[in-house]
Amino acid sequence: LPAPAVTWWKGETDVTKSSSFKVTKDPNGFDTLIIASANRSSAGEFTSKPPMKWEQLAQNVPSKSTVSE
């Protein structure tokens with residue numbers, strides 16, 4: 001089965017489709033959020049979430065990353 005598509009959120013905003021961010025998948029299947037041009041407005045907490053149907057099955061808390069100035 002293919003891995004589920006992960007969405008990335010900054011607070012309540014889905015940044016997955018934003019041109020300022022890029023999501024990549026490494027050879028091990030891990031998703032990474034890349035900030036194209038980081039600046040002060042990029043600071044904040046980012047959360048990755050599985051699709052809704054997978055989120056209901058997930059047993060772990062979604063991962064979080066914080067970007068500081």
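## Strand pairing and side-chain contacts

K22 stands opposite I34 in β4. Another such pairing joins T24 to T32, its bridge partner in β4. Before going further, a word on the source: this is a predicted model, in which local features need pLDDT of at least 70 and side-chain atom pairs count only at pLDDT 80 or more, while totals for chains, interfaces and linings use all residues. Residues are numbered from 1 along each chain as its sequence is written, and side-chain values use heavy atoms, leaving out hydrogens and water.

Now the overall layout. The protein has one helix and six strands, where helices (H or I, at least four residues) and strands (E, at least two) are DSSP runs numbered from the N terminus. Going along the sequence, the order reads β-β-β-β-β-α-β. Of the 69 residues, 12% are buried, meaning under 20% relative accessible area, with exposed set at over 50% and partly exposed in between (1.4 Å probe, protein chains only). The accessible surface is about 5400 Å², and carbon and sulfur atoms hold 54% of that; these areas come from the Shrake-Rupley method with a 1.4 Å probe, and for residues only the protein chains shown count as cover. Take the contacts (heavy atoms within 4.5 Å) with a separation of 6 or more: 40% of them are between residues 24 or more positions apart.

Back to the hairpin. β3 and strand β4 (residues 31-35) run antiparallel and are joined by five bridges; two strands count as paired if DSSP finds at least two bridges between them. Five residues sit between the strands of this hairpin, and G29 takes a positive phi near 90° there.

Which residue forms a salt bridge with D31? That's K25, with the closest N and O atoms 3.0 Å apart. The whole structure has one salt bridge, taken as a side-chain nitrogen of Lys or Arg within 4 Å of a carboxyl oxygen of Asp or Glu. In general, side chains of opposite charge can pair when their charged atoms come close.

Then there are the rings. Phe, Tyr and Trp (its six-membered ring) pair if their ring centres lie within 6.5 Å; planes under 30 degrees apart count as stacked, over 60 as edge-to-face and the rest as tilted. That rule gives one aromatic pair. F21 and F46 make up this tilted pair, at 5.7 Å centre to centre with 55° between the planes. The pair ties together distant parts of the chain, since F21 is in strand β3 (residues 21-25) and F46 in strand β5 (residues 44-49), 25 residues apart. Both F21 and F46 are buried.

W9 has company of another kind: K49 lies over its face, 4.8 Å from the ring centre. For a charge to sit over a ring, NZ of Lys or CZ of Arg must be within 6 Å of the ring centre and within 35 degrees of the ring normal.

Strand β5 also holds G44 and E45. Measuring C-alpha to C-alpha, E45 is 5.8 Å from K10 in space, though they're 35 residues apart in sequence. Likewise, G44 and G11 are 33 residues apart in sequence and 7.7 Å apart in space, C-alpha to C-alpha.

Here are some partly exposed residues from the account above.

| Residue and class | Relative accessibility |
|---|---|
| K25, partly exposed | 43% |
| E45, partly exposed | 40% |
| D31, partly exposed | 23% |
| G44, partly exposed | 22% |
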